[in-house]
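The following report reviews selected features of one protein structure. Strand pairing is taken up at the outset, followed by a helix, an internal cavity and ionic contacts.

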Amino acid sequence: MAPLKTLLLFLVVLLPVANACQPPRTLHVPVFHRDALFPPPPGAKRGSLLRQRLAADAARYASLVDATGRLHSPVFSGIPFESGEYFALVGVGTPSTKAMLVIDTGSDLVWLQCSPCRRCYAQRGQVFDPRRSSTYRRVPCSSPQCRALRFPGCDSGGAAGGGCRYMVAYGDGSSSTGELATDKLAFANDTYVNNVTLGCGRDNEGLFDSAAGLLGVARGKISISTQVAPAYGSVFEYCLGDRTSRSTRSSYLVFGRTPEPPSTAFTALLSNPRRPSLYYVDMAGFSVGGERVTGFSNASLALDTATGRGGVVVDSGTAISRFARDAYAALRDAFDARARAAGMRRLAGEHSVFDACYDLRGRPAASAPLIVLHFAGGADMALPPENYFLPVDGGRRRAASYRRCLGFEAADDGLSVIGNVQQQGFRVVFDVEKERIGFAPKGCTS
């Protein structure tokens, strides 16, 4: 979702509490893929679901382009890329109401639907009712938190005495409007954080089907990652597990520093003054089958800090990775040459949004040419085939067993994105303190 551009710096005091005398050093959050929790209805056709979800993913990408101790929670996963969203399980208020929130590295604000609401989309599970929470407090219109919003508003009491109102609108047409407040968020292991600034949505619409709201973990001043930083540090990590699995054991979101596996490859975290909330990396190119991909301009993947255009963003909410058109074309052509040399038959035409698809009858998908993403400083991200050679069925289930497509797309407007399908199974570390991002393969253990 589109990041919020904050204008003023402010300090929010949060009090992490656990059963032990000392607060934990990290905060764990359970994480799930949407379809692990909300499977498609019986009889739903896989091909039509795929088209719907990829259309939603395109809208998600459009929203990125258009926008300017230990905390732990599970992360939920589901069936192959029929949804691009992963959910964090948190408890809100006192007593706690469970809420499944979309994890979004492209947004700052934490918000959820609230009852009563003037307009709410269909949500699975109980809608949070702030009237029943003894720890819920409205944020005054004169507060730093309110002034930090991009589009702040006030109740009829005015700036001096009224409550703050928020409005967030995303490039895909989704939106949420309501009251800015603070309340307690509960995480795994009976750990909770007091006084979290969040939005209580009374008027919500768009592509948030089933979720209670959104957990903003971008770099802005009101994101949850920034709010818990005084207690846990400006570092968090996640691992987005197998989207085909209904198990929740392998996925997680952790705020705080954890031991680094030797396999973690770090690259510099870049800042874009015009898009300060997003996580940019300095991507150097690709390899296919052990050979470096050529035939595109190095500037295609570079961030122009003067204009704020271009660059490569690591994003949890976009499913399919997108690269500048000439870079994508060079990657696709290099893959195609290797795939044909290995005897794979390319299918004519486009299949869904993909334009490089193959008939694998008689060949395992694991035989696909290997793809590596290269970053500045020598960091590499060697993708397993299941992260980029994706099954499609063209509306027929049996075809999905032998049809595979190269799971990348072209980004016409210059912003390249590494999506969650390609991140699947990697431990991804967002280390703002040390200004770096790390990738560790086979990292879904907490």
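## An open four-stranded sheet

In this predicted model, Phe286 stands opposite Leu373 of strand E27. The two strands concerned, E19 (residues 283-288) and E27 (residues 371-375), pair in the antiparallel sense through five bridges.

This pair belongs to an open sheet of four strands, ordered E20-E19-E27-E28 with antiparallel pairing. Strand E20 (291-292) and strand E28 (380-383) occupy the edges; each has a single partner strand, so one side of each is left without a neighbour in the sheet.

## Strand E11 and its partners

Strand E11 (residues 164-169) shows alternating side chains. Cys164, Tyr166 and Val168 point to one face and are buried, whereas Arg165, Met167 and Ala169 point to the other face and are not buried.

Strand E10 (residues 153-154) runs antiparallel to E11 and is joined to it by two bridges; Cys154 has Cys164 as its bridge partner. E11 is also joined to strand E12 (residues 175-186), again in the antiparallel sense, by five bridges. Within E12, Ser176 stands opposite Val168.

## Helix H7

Helix H7 comprises 17 residues (325-341) and reaches 24 Å from its first C-alpha to its last, close to the 24 Å expected at 1.5 Å a residue. Its buried residues are Ala327, Tyr328, Ala330, Leu331, Arg332, Phe335, Asp336 and Ala339. Just after the helix, Gly343 adopts a positive phi of about 90°.

H7 also contains a salt bridge between Arg340 and Asp336, in which the closest N and O atoms are 2.8 Å apart. Because these residues are four positions apart in the helix, about one helical turn separates them. Asp336 is buried, with a relative accessible area of 10%, while Arg340 is partly exposed at 48% relative accessibility.

## The largest cavity

Rolling a probe the size of a water molecule over the atoms shows where empty space is left. The largest cavity has a volume of about 50 Å³. Its lining consists of Val235, Glu237, Gly256, Arg257, Thr258, Glu260, Phe266, Arg427, Val429, Asp431 and Arg436. Strand E15 (235-239) and strand E33 (427-431) are the elements that give two or more residues to this lining, and E33 gives the most, with three.

Which classes of residue make up the lining of the largest cavity? Six residues are charged, three are nonpolar and two are polar. Among the lining residues are Arg257, Glu260, Asp431 and Arg436; these four are linked with Glu433 in a network of salt bridges.

## Further salt bridges

The structure holds 20 salt bridges. One of them joins Glu409 to Arg322, the closest N and O atoms being 3.2 Å apart. Glu409 lies in strand E31 (residues 408-411) and Arg322 in strand E24 (residues 321-324), so the pair ties together parts that are 87 residues apart in sequence. Glu409 is buried at 12% relative accessibility, and Arg322 is buried at 3%.

Asp129 forms a salt bridge with Arg131, with 2.9 Å between the closest N and O atoms. Asp129 counts as buried at 9% relative accessibility, whereas Arg131 is exposed, with a relative accessible area of 61%. Asp129 is located in the loop between strand E8 (111-113) and strand E9 (137-138). The C-alpha atoms of Asp129 and Gln113 are 8.7 Å apart in space, the two residues being 16 residues apart in sequence.

Key
Residues are numbered from 1 along each chain as its sequence is written. This is a predicted model: local features need pLDDT of at least 70, side-chain atom pairs count only at pLDDT 80 or more; totals for chains, interfaces and linings use all residues. Side-chain values use heavy atoms; hydrogens and water are left out. The expected span of a helix is 1.5 Å times one less than its number of residues. Buried means under 20% relative accessible area, exposed over 50%, partly exposed in between (1.4 Å probe, protein chains only). Two strands pair if DSSP finds at least two bridges between them. On a 1 Å grid over the protein atoms alone, a cavity is a set of points where a 1.4 Å probe fits but cannot get out, and a pocket is an open set with protein on both sides within 12 Å along at least five of seven lines; lining residues have an atom within 4 Å of a point. Grid points are joined across faces, edges and corners, and a volume is the space filled by probe spheres set on the points. Ala, Val, Leu, Ile, Met, Phe, Trp, Tyr, Cys and Pro count as nonpolar, Asp, Glu, Lys and Arg as charged, and the others, Gly among them, as polar. A salt bridge is a side-chain nitrogen of Lys or Arg within 4 Å of a carboxyl oxygen of Asp or Glu.
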